[in-house]
Amino acid sequence: MKAESLTFLGLALFFAIVAPVYWVMSHEPAGTAALILTTLLLLMIGGYLALIARKMDPRPEDRKDGEILEGAGELGFFPPHSLWPFICALTFGLVILGPVFGWWLTILGFGFGAFAVMGWVFEYYRGEFSH
């Protein structure tokens, strides 16, 4: 959190310098007010992150001896190949083309769409990739 707080506080310093320069060069109150409010917003976020950083244990990216492997963690679940998104797209195409060619096609698309969505939702409860 220390790096993030320094980033926001550095940006606040930049906008604090730019705001009076902008006022002197343009004498435009709306832009100057926007720059001042941007400075205050960045100060608020940077101060909050600095306060939180003091209460937290240092993360691997905040320590000098931190290793990349320490901060890796679990990357998440990546599903294998699936045909269901393609089938859902085809049924959506049927629903969209229904008003053009006839409402019966929309009804047929909703029927196939219910089947396709159920297949996609329950994909991991049956078959090769079941949990």
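This report describes helix packing, two buried residues and an aromatic pair in a predicted model.

**Helices 1 and 2**

Helix 1 spans residues 2–26 and helix 2 spans residues 29–55; their axes come within 8 Å and cross at roughly 160°. Because angles over 145 degrees count as roughly antiparallel, helix 1 is roughly antiparallel to helix 2. The crossing in which helix 1 passes helix 2 is left-handed. Sorted by class, the residues in the contact of helix 1 with helix 2 comprise 19 nonpolar, seven polar and two charged.

**Buried residues**

The table lists the relative accessibility of T91 and W84.

| Residue | Helix | Relative accessibility |
|---|---|---|
| T91 | helix 3 (residues 84–101) | 8%, buried |
| W84 | helix 3 | 15%, buried |

T91 counts as buried because its relative accessibility of 8% falls under the 20% cut-off. When neighbours within four places in sequence are left aside, the contacts of T91 are G109, F112, G113 and A116. For W84, the value of 15% likewise leads to its being counted as buried.

**Aromatic pairing**

Three aromatic pairs are found in a search of the whole structure. One of them joins W84 and F115, whose ring centres are 5.6 Å apart. The planes of these two rings stand at 70°, so the pair is edge-to-face. W84 belongs to helix 3, whereas F115 belongs to helix 4 (residues 103–121), and the pair therefore ties together parts that are 31 residues apart in sequence.

Technical notes
Residues are numbered from 1 along each chain as its sequence is written. This is a predicted model: local features need pLDDT of at least 70, side-chain atom pairs count only at pLDDT 80 or more; totals for chains, interfaces and linings use all residues. Side-chain values use heavy atoms; hydrogens and water are left out. Axes are lines fitted to C-alpha atoms, for helices over the stretch in contact, and angles run from 0 to 180 degrees between N-to-C directions. Helices (H or I, at least four residues) and strands (E, at least two) are DSSP runs, numbered from the N terminus. Angles under 35 degrees count as roughly parallel, over 145 as roughly antiparallel, 65 to 115 as roughly perpendicular and the rest as oblique. A crossing is left-handed if the near helix is turned anticlockwise from the far one by less than a right angle, and right-handed if clockwise. Ala, Val, Leu, Ile, Met, Phe, Trp, Tyr, Cys and Pro count as nonpolar, Asp, Glu, Lys and Arg as charged, and the others, Gly among them, as polar. Buried means under 20% relative accessible area, exposed over 50%, partly exposed in between (1.4 Å probe, protein chains only). Contact means heavy atoms within 4.5 Å. Rings of Phe, Tyr and Trp (its six-membered ring) pair if their centres lie within 6.5 Å; planes under 30 degrees apart count as stacked, over 60 as edge-to-face and the rest as tilted.
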